[in-house]
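Here are my notes on this one, point by point. Have the model open while you read.

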Amino acid sequence: MLRVLITGLIFAAFPIASTLPFTLFTGESARKYLPATMPGGVAVFDADNDGLLDLFFPNGAPLPAGRKAHALHGNRLFRNLGAMKFEDRTAASGLVGTGYDFGAAAGDYDRDGHVDLLVSGLRGIALYRNRGLGVFEDVTAKSGLDNLGRWSVGAAWLDIDNDGDLDLFVVNYVRWDPTTEKACVVEGQPDFCHPRFYEPQPNALFRNNGDGTFSDISESSGIGKHAGKGMAAAVADFDLDGKMDIFVTNDRTFNFLFRNVGGGRFEEVAFDWGVAVPASGNPPSAMGADAQDFDNDGRPDLVYTALRDETFPLYRNTGREFADATVSSRMSILTRAMAGWGIVFADLDNDGFKDIVAARGEVLSGTGSRGPIAKEPLSWLRNTDGKVFAAGEAIVAPKALYRGLAVADLDNDGCPDLVATSLQAAAQVIRRVCPVENKWLKVQVDAPGARVEVNGQWRHVTYTSGYASAYHGPLLFGLGRKSTANVRVTWTDGTVRHLESVKANQLIMVKR
């Protein structure tokens, strides 16, 4: 039975899906402006350094103006009070925002020990510096960040030159002008238009100058030379050369893989590495993406969502290219009837194999001709042996037009919980209870790009999560029934640290 207690703006959740007092505003109207089907990111991070992960939700605004005009349009910050209780701290946080926002990226760009936020919007980006205790200051103008009015769906913090400062990659979608947008019809009813009607845009890359400001190096880096319809970025050192690379999903156009060649330069190698397009040769509606090692061979793999009949492509990293594992892993059969957005590699049952969790929902309007089938459930695709996936148990949450997704241990019990957003609906928080016989270990390494091995499992430190979302917190490893773990951390400069026979069911912090 669902029991939710709300006292003022405090809510308590039990081991089942519960809702936060926040409804994602999309601005959808009879005109069906395209941005209304795209919002819904979530950022999970410790905003006040109290050891509990807090939740930030970007929010939309009326269209076509794209400006927040009411309290219901504001972005929201919920402070984690422990025991799965959350308090709305938006008013004091300075994060309400002014425009139509889609995604968020969390990272400590100024290295002051407080996690900051980059918010992606319809007509620009906003940088919020965390001054401590969960209070933020808009420093966009003084930072020099300028996305030139482009529509940004998401962003990723990463260190492109291994200087210790977080640089910023911005995922840009299409050129959108409400004065020239077509009126589209699906099965006789107004609905959102196909992406082919919109011009592609280049993504953007900003180098951190180390003094609170950034320099736009989009052109000199090679990033700006490639126009696409970017939906999400997955960041990892795919070739294990000590430099962070960037995979970008593009909506119905070829994906990008930007290989970091050093000196602040990137080369686009998606075709060479086999991830530009699936084996069919038809670019799918590529949405959210994640990169982690699902087969425990030490190399980060790739998965991304798409729409019905396109499957959710899964790629195994061989070291020199990616091998399409969608069919052999049974992901093709499992996902062909699904439409997805957010997607995350996460070991939901702590058995030592990273599963896949997907936030599902149609791209078309829930009130249009396909409304009755537009809403879908969250899905757990269980990794059975590092090679093959199967349908996991049902996630107790209503069907919805899901978009953003993050997986995090919100109550510090060692079992991963879920946070999901959906269009015109309340945000969902799903507290999970893992099998009691399965142990766990959380490893905190505050160095993006670092690789962590625990009992033969690998994770790399990254702050991106699926679609328009972010996770900044400890890495959670399921240990199965093992009560101790051997830990190895490898930093991007080659420094390695070993920890032997670490006791299970605890959080450890590892520094260089």
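1. First, a term: buried means under 20% relative accessible area, exposed means over 50%, and partly exposed is in between (1.4 Å probe, protein chains only). On that scale, 62% of the 512 residues of the protein are buried.

2. Some ground rules. This is a predicted model, where local features need pLDDT of at least 70 and side-chain atom pairs count only at pLDDT 80 or more, while totals for chains, interfaces and linings use all residues. Numbering runs from 1 along each chain as its sequence is written, and side-chain values use heavy atoms, with hydrogens and water left out.

3. On secondary structure, I get 6 helices and 43 strands. These are DSSP runs numbered from the N terminus: H or I over at least four residues for helices, E over at least two for strands.

4. Overall dimensions: the radius of gyration is 21 Å, which agrees with the value near 24 Å for a compact globule of 512 residues. That radius is taken over C-alpha atoms, and the globule rule is 2.2 Å times the number of residues to the power 0.38. Along the principal axes, the C-alpha atoms fill a box of roughly 65 × 55 × 50 Å.

5. Now contacts (heavy atoms within 4.5 Å). Taking those between residues at least 6 apart in sequence, 59% join residues at least 24 apart.

6. On to the largest nonpolar core, meaning a set of buried Ala, Val, Leu, Ile, Met, Phe, Trp, Tyr and Cys residues joined through side-chain atoms within 4.5 Å. It has 35 residues, and Trp 157 and Val 445 touch the most other members. Strands that each supply at least two residues of this core include strand 12 (152-158), strand 13 (167-172) and strand 41 (484-490). Leaving aside residues up to four places away in sequence, Trp 157 touches, among others, Leu 118, Leu 127, Phe 214 and Tyr 463.

7. Apart from that core lies another, of 28 residues, with Ala 61, Leu 63, Cys 184 and Cys 193 among them. Leu 63 is also joined to Pro 64 by a cis peptide bond, with omega about 15 degrees. Pro 64 sits in the loop between strand 5 (54-57) and strand 6 (76-82).

8. Two backbone spots to look at. Leu 240, in the loop between strand 20 (230-236) and strand 21 (245-250), has a positive phi near 55 degrees without being a glycine. Leu 240 is partly exposed, at 36% relative accessible area. Asp 309 is not a glycine either, yet its phi is positive at about 75 degrees; Asp 309 counts as exposed, at 59% relative accessibility.
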